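Visitor: I'm new to looking at structures. Could you walk me through this one?

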Amino acid sequence: MTRLHQEKLKTLARTVFDEPMSRHTTLGVGGPVDALVDVTTRDELKSVLAWCQDENVPFFFLGGGSNLLVRDGGIRGIAIRLAGEFETFCVDHESGDDIFVTAGAAVSLTKLIRWSLDQGLTGIETLAGIPGCIGGNIRMNAGTHLGAIGDRVEDVTIMNAQGREMTIPHRGLDFQYRRVRLPQAAAILRAVLKLQRGDMEKARATFKELLDRRRTTQPVATQNCGCAFKNPDKTSAGKLIDDAGLKGVRVGGARVSPLHANFILNEGNATAHDVIVLLNLVRERVKEESGVLLEHEVVMVGEEKKRSGKEKRSRC
Ligand code: EPU
């Protein structure tokens, strides 16, 4: 990115340069992005996207960074993070028992669930414990064993790379297990979720049970990026990795969680390279043991770090 690019970007939105992505992912690894741009309004977003088109600068939308693995060489181009008006939510309209809530893409799912319970609304407590924000959760169709966010989405409003906004109704989104049909280059701006007035005692109990279950079955206190692999049909990736005897296996500072085998931990000094080598090892061993080829759930972005001649020699 040239100096001119940097000067212009700073006039469009709040920007920091060469920002280590390890600070913006829950796994805590990853090299620097050329520029991290915080946009707070749709107009700002439109200007930034137009500039990217004109200058041919690649862009990428950063959500909560909770299912993201950034390689050690970092990201060329800009990471766009939504804030300001994208962090707001409110009741949009009501129809019988259904209450429709509009939530900006940068709203924390946990905050929204807590608010819904305070308002006497049920429907999303089944998603308790899922980290990240609405935009990222929709992009991944994040879920628990009780359901996925797509079950509650009425429509999603996006802005495409040309700055055009469109609202896509549920039937056009084709939500499937950990996927949704949305153009990759489009920003999710907001979504309307369908909630209900219902049995709040039951909703609160579900919320608590899910959080307790997560605390006892998942390594919540150590840096990780959620489940590393998608569950294959009719079985659990965690069980397959466990059955392959891989719990606790380490590469550098990365380790397969001894508690839940589908979580890769950063024990403090892991690099993205360590994590990727470990993920590859897990995939190979599970394939050998069970015949199942696991599919990554974690999203990988960025470039490999160019290793120096000395480093290369020391590995031979
Ligand atoms: N299991 C093992 N060993 C392990 C881990 C799990 O034998 O190391 C067994 C469990 O005993 C259980 C089965 O595998 O019989 C399923 O495990 P669990 O109930 O923990 O659920 P999961 O399928 O591994 C899914 C989601 C999680 C979500 C939980 C709870 C996926 C890939 N994972 O995990 O979502 O939190 O259900 O609802 O769909 C995520 O997607 O990032 C994620 C963490």
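Guide: Sure! Let's begin with a definition: a residue is buried under 20% relative accessible area, exposed over 50%, and partly exposed in between. Keep in mind that this is a predicted model.

Visitor: So is Phe-59 buried, exposed or partly exposed?
Guide: The relative accessible area of Phe-59 is 21%. Buried needs a value under 20% and exposed one over 50%. So Phe-59 is partly exposed.

Visitor: And how are the rings of Phe-89 and Trp-115 arranged?
Guide: Their centres are 5.1 Å apart, and their planes sit at 70 degrees. Rings pair if the centres lie within 6.5 Å, and planes over 60 degrees apart have their own label. So this pair is edge-to-face.

Visitor: How many residues apart are those two partners?
Guide: Phe-89 belongs to strand 6 (residues 89–95), while Trp-115 belongs to helix 3 (residues 109–118). The pair links distant parts of the chain, and the separation is 26 residues.

Visitor: Is Trp-115 buried or exposed?
Guide: Trp-115 has a relative accessible area of 19%. The cut-off for buried is under 20%. So Trp-115 is buried.

Visitor: Which strand gives the largest share of the largest nonpolar core?
Guide: That core has 57 residues, and Val-39, Leu-45 and Ile-78 are among those with the most contacts inside it. The largest share is six residues. They come from strand 13 (residues 187–197), so to name it: strand 13.

Note on methods:
Residues are numbered from 1 along each chain as its sequence is written. This is a predicted model: local features need pLDDT of at least 70, side-chain atom pairs count only at pLDDT 80 or more; totals for chains, interfaces and linings use all residues. Side-chain values use heavy atoms; hydrogens and water are left out. Buried means under 20% relative accessible area, exposed over 50%, partly exposed in between (1.4 Å probe, protein chains only). Rings of Phe, Tyr and Trp (its six-membered ring) pair if their centres lie within 6.5 Å; planes under 30 degrees apart count as stacked, over 60 as edge-to-face and the rest as tilted. Helices (H or I, at least four residues) and strands (E, at least two) are DSSP runs, numbered from the N terminus. A nonpolar core is a set of buried Ala, Val, Leu, Ile, Met, Phe, Trp, Tyr and Cys residues joined through side-chain atoms within 4.5 Å.
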